Amino acid sequence: MIHETIGQVGHFFVILSFVTALVATVAYLLSALGKGQALQAEAVSEPELAYAGETSRGSVATKRPKQANTGKATLPARDDWRSLARWAFYVHGAAIVGVIVCLYYIVYNHYFEYHYAWSHSSLALPVQYMISCFWEGQEGSFLLWLFWNAFLGVILINTNKQWEAPMMTVFALVQAFLASMILGVVFGGTFKIGSSPFLLLREAMPDTPIFATDPNFVPKDGNGLNPLLQNYWMVIHPPTLFLGYALTLVPFAYCIAGLWRNQPLEWIRPALPWTLVGGLILGVGIMMGGYWAYETLNFGGYWNWDPVENSVYVPWLVLVASLHTMLIARKSSIGLKTTVILTISTFLLILYSTFLTRSGILGNASVHSFTDLGLSGQLLVYMLVFVVGAVLIMARKWKVIPTDAEEASIYTKEFWLFIGATTLTLAAFQVIATTSIPVYNKIMEGFGIISNLALPADQIAHYNKFQVWFFIIIAILTGVGQYLWWRKVEGRNWTALTTPGIITLLLSAGIIVVAKMSNPIYIVLTVASVFALVTNGTVLWGIIRGNYRLSGGAVAHIGMALMLIGILFSAGYSKVISINNSGIPISKRDEFTKNNNQENKENVLLWINQPERMDKFQMTYRGQRIEIRDVPGYVPRSWVTVIEGDFHGIAQRDIEQNGKVYHKKGDTLALYPENVYYEVEYREPDGKIFTLFPRAQANPRMGLLVSPDIKRNAGRDLYTHVSSVPDPNADNEWSRTETFSVAVRDTFFVNDYVAILDNVTRVDKVDGVTLGPGDAAVQAQVRVLDKNGEYMLTPSFIIRDKMVARPAFVSDELGVRMQLMEIDPRTGNFTFGVNTTQRDYIVMKAYEKPLINVLWIGTLIVALGFGMSTVRRYREFSKMRDKGLA
């Protein structure tokens, strides 16, 4: 059955959202131009907008004339266009919610006749990952962005009516462009606007042969969610990141409105709190992505300088730079002009990052980029409209921005804040200049020129080489700038920095000695970070004794310094402890032999249940585990027979965890069948034991995907992942049966092991077999000697209902399957059939990452500082707004 109605309703809401966004744009534009206003009384205050010509040339603000007291009640002006615009925007927001509800309904109910549901979800996905697959695709991510913009727009309409019309004109226009990205309308069979999330599978893939014979064909299951996204961080990271994207639109809209109204300074006061909260949310979203990478990917870190990572990091740097120039804009025309440029650039860089990640231009340069849905031209138009529009309005209104009579002195706080903002901007430029190499190549190809530019072979080393020096400068500037900001440096006397400087050198020397630092760059970064800690800590102490609400900047800078220290030690002093001391290469594959056999040297081979020494730990691989949906932890894979192509299995024994029986033998139970966990037991020198469960998935589309497991400690993390495993979905390939006829106490060789038949005894019970009164069974005890100890194999011989059964005994540790085939009572000999196979194993890599928790703690402190500053600046804005001055 094809559920077409819900898709048609969803598509109607898409069209409605686009049309209402256009209506809101036009209506707000006409309102901003003063059309449609009707006065309700004779005595009315000045119009809410100041238009070109209403202020004297060079004036920064429009003065409000005093209104005579006529004794008549003053009623606000009615603006019909603004009323229409508000209702249109409200309906637009409701339509966006309608689209989201319809699409999630399709995904949640597994309507795989829809291309979006089939591409991104499956029956096996739990509810939280159904939420993730909602925004895995391009259309879903655009919807998320649309939702946050609409949400913020409604807040702005109801909190700052003075700036509403010009600001919401920009907002609504952005929404119209975003809504067009999910329209899915085709003109003339070739011209396409947007990609609809409500396409049926037969519409998205019309050439698929099955639809020629069965137009109503519906797949039984979907492709499922990318396994790398099956992580709880992917439930909260994308919404946080897109809220950060949406928040960059607010200061951009205020800035454009300010230039439009010839008020190049006044817009900063209402925009500042939004810039702060944007920096907070976008920064937290970026670090959530870093933490997701740390927990999910296997490159051993949290930041890989991937082009998509960079395309989010760069706008955040520019946003933080604009935040600092906003603080000096009131006293510096250079700061004001720079603020305008940086605020506009932040939003344009968000659009540029959208183009990079969704146009397909990155190709294979990023593991995160979306495939091209044919929207690259539309994305380019979207970006160019706002680039050209912003540049034109800046050029036309540049003369409205006042000019300083004197340049800022080196002894002023404005100078140092400006230098800090400049350094942040240069850091952003270095990253985006390299990240955009695929774009340069595409442009050159457009002119018929073949470009040989390529991204750096070692991108991590390339970016680190530059970024570390930028942040050394930034760390130093935070200390000097805060001292100047809080007037701890009087006049031209810099002696106030002497004591912090001495403390910095003493503390840094201690850290350098203890850490045995020899790398000059690490030493300089340590000194700069400690200086930022000491100076900002001193400032913070002085502030909190007065008014703690003013300490947001110092708190954020302390967090930044801690982050630098955490990055320095967790990355610079990360230690591989899984050193292969056997002298035998693990693999001849390229990924193991490249870089002078690096991976062969830095991985260990663990056979199941055979302990190996690794650094100070004794490690033992205990076997494969799976996850049952209603059972805590993991259970041995042998306990459950997985039903092929389903997310259920059959219990092969009672499933018991922590003394509680969850399922009986033979029960059908729900699984998370895609992932296999490998239990690795660590024994510390003092005898304490802990267990890690690194994950792997043999994905038919993406190959072997592995994720780490992490033992977290206060001082360092132990980070473990598998590098190679046997295909967990493949059946064992057994050798041809080899037979041995031996008597009790005889010795024979099994798979190169010495085996001894200790005894054969009669038994009353055999696992998995019910014996009746007339049945008989015997069990052999075959002792196998290995260098790591002894193993006992106990094959059985059963006579049941006059039928003979020979259940095999399988030893995963030895890779041996043994059956008791015959018993000869005349000679006393017993015949065993033996098959051998590859023993279960894993190839594993482990790191120690010192002080990585300092990085995460620093992130939280930065967020706290941004939050404190946001609250403070919003209170200041609210007071001025209530007085009619903002």
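In this predicted model, the buried residues of helix 15 pack against two other helices, namely helix 12 (333–358) and helix 14 (413–435). Helix 15 itself spans residues 437–446, and its buried residues are Ile437, Pro438, Val439 and Asn441. Just after this helix, Gly448 adopts a positive phi of about 80°.

The setting of this packing is a protein of 886 residues, of which 52% count as buried. Its secondary structure comprises 21 helices and 30 strands, and its C-alpha atoms occupy a box of roughly 125 × 75 × 60 Å when taken along the principal axes. Of the contacts between residues at least 6 apart in sequence, 69% join residues at least 24 apart.

In soluble globular proteins, nonpolar side chains tend to be buried together. In the present model the largest nonpolar core contains 180 residues, and those with the most contacts inside it are Trp145, Phe252, Tyr254, Trp267, Ile344 and Phe386. Helix 9 (residues 233–260) supplies the largest share of this core, with 19 residues. Apart from this core lies another, made up of 22 residues that include Ile608, Tyr621, Val680 and Ala846. The surroundings of Phe386 illustrate the packing within the model: when neighbours within four places in sequence are left aside, Phe386 is in contact with Leu173, Val174, Phe177, Phe252, Phe347, Leu348 and Leu351. Phe252, one of these partners, is itself listed with Phe386 among the residues that have the most contacts inside the largest core.

Empty space within the model was also examined. Rolling a probe the size of a water molecule over the atoms shows where empty space is left. The structure holds 1 cavity of 30 Å³ or more, and the volume of the largest cavity is about 40 Å³. The lining of the largest cavity is formed by Ile2, Glu113, Leu200, Leu201, Arg202, Phe211, Pro215 and Phe217. By residue class, this lining divides into 6 nonpolar and 2 charged residues, with no polar residue.

Two residues in the strands of the model, Asn675 and Ala696, are in contact with one another. Asn675 is located in strand 14 (residues 668–683), whereas Ala696 belongs to strand 16 (residues 695–699). Asn675 has a relative accessible area of 6% and is therefore classed as buried, the cut-off being under 20%. Its side chain nevertheless has a polar partner, making a polar contact of 2.7 Å with the side chain of Gln697. Leaving aside neighbours within four places in sequence, the contacts of Asn675 are Gln230, Arg625, Ile626, Arg695, Ala696 and Gln697. Ala696 is likewise buried, with a relative accessible area of 0%. With the same exclusion of sequence neighbours, Ala696 is in contact with Glu674, Asn675, Val676, Tyr678, Leu704, Leu705, Val706, Val722 and Val725. As an indication of distances across the model, the C-alpha atom of Ala696 is separated by 40 Å from that of Leu426, a residue 270 places away along the chain.

The region around helix 20 (residues 590–601) includes a residue with a positive phi, Asn597, which lies in this helix. The phi value of Asn597 is near 60°, and this residue is not a glycine; at 30% relative accessibility, Asn597 counts as partly exposed. Ser587 lies in the loop between strand 5 (575–576) and helix 20, where Ser587 counts as buried at 14% relative accessibility. A polar atom of the Ser587 side chain lies 3.1 Å from the backbone nitrogen of Arg589. Not counting residues up to four places away in sequence, Ser587 also touches Phe592, Thr593 and Asn600.

A further positive phi in a residue other than glycine occurs at Lys802, where the value is near 65°. Lys802 is placed in the loop between strand 25 (796–800) and strand 26 (803–805). With a relative accessible area of 82%, Lys802 is exposed, whereas Asn597, in helix 20, is partly exposed.

Technical notes:
Residues numbered from 1 in each chain as written. Predicted model: local features only at pLDDT ≥ 70, side-chain atom pairs only at ≥ 80, totals over all residues. Heavy atoms only, no water. 1 Å grid on protein atoms, 1.4 Å probe; cavity = no way out; pocket = protein on both sides within 12 Å on 5 of 7 lines; lining within 4 Å. Points joined across faces, edges and corners; volume = space filled by probe spheres on them. Nonpolar A, V, L, I, M, F, W, Y, C, P; charged D, E, K, R; others polar. Helix = DSSP H or I, 4+ residues; strand = E, 2+ residues; numbered from the N terminus. Buried < 20%, exposed > 50% of the residue type's maximum accessible area, 1.4 Å probe, protein only. Polar contact = N/O pair within 3.5 Å; in protein donor to acceptor, adjacent residues only side chain to side chain. Contact = heavy atoms within 4.5 Å. Core = buried A, V, L, I, M, F, W, Y, C linked by side-chain atoms within 4.5 Å.
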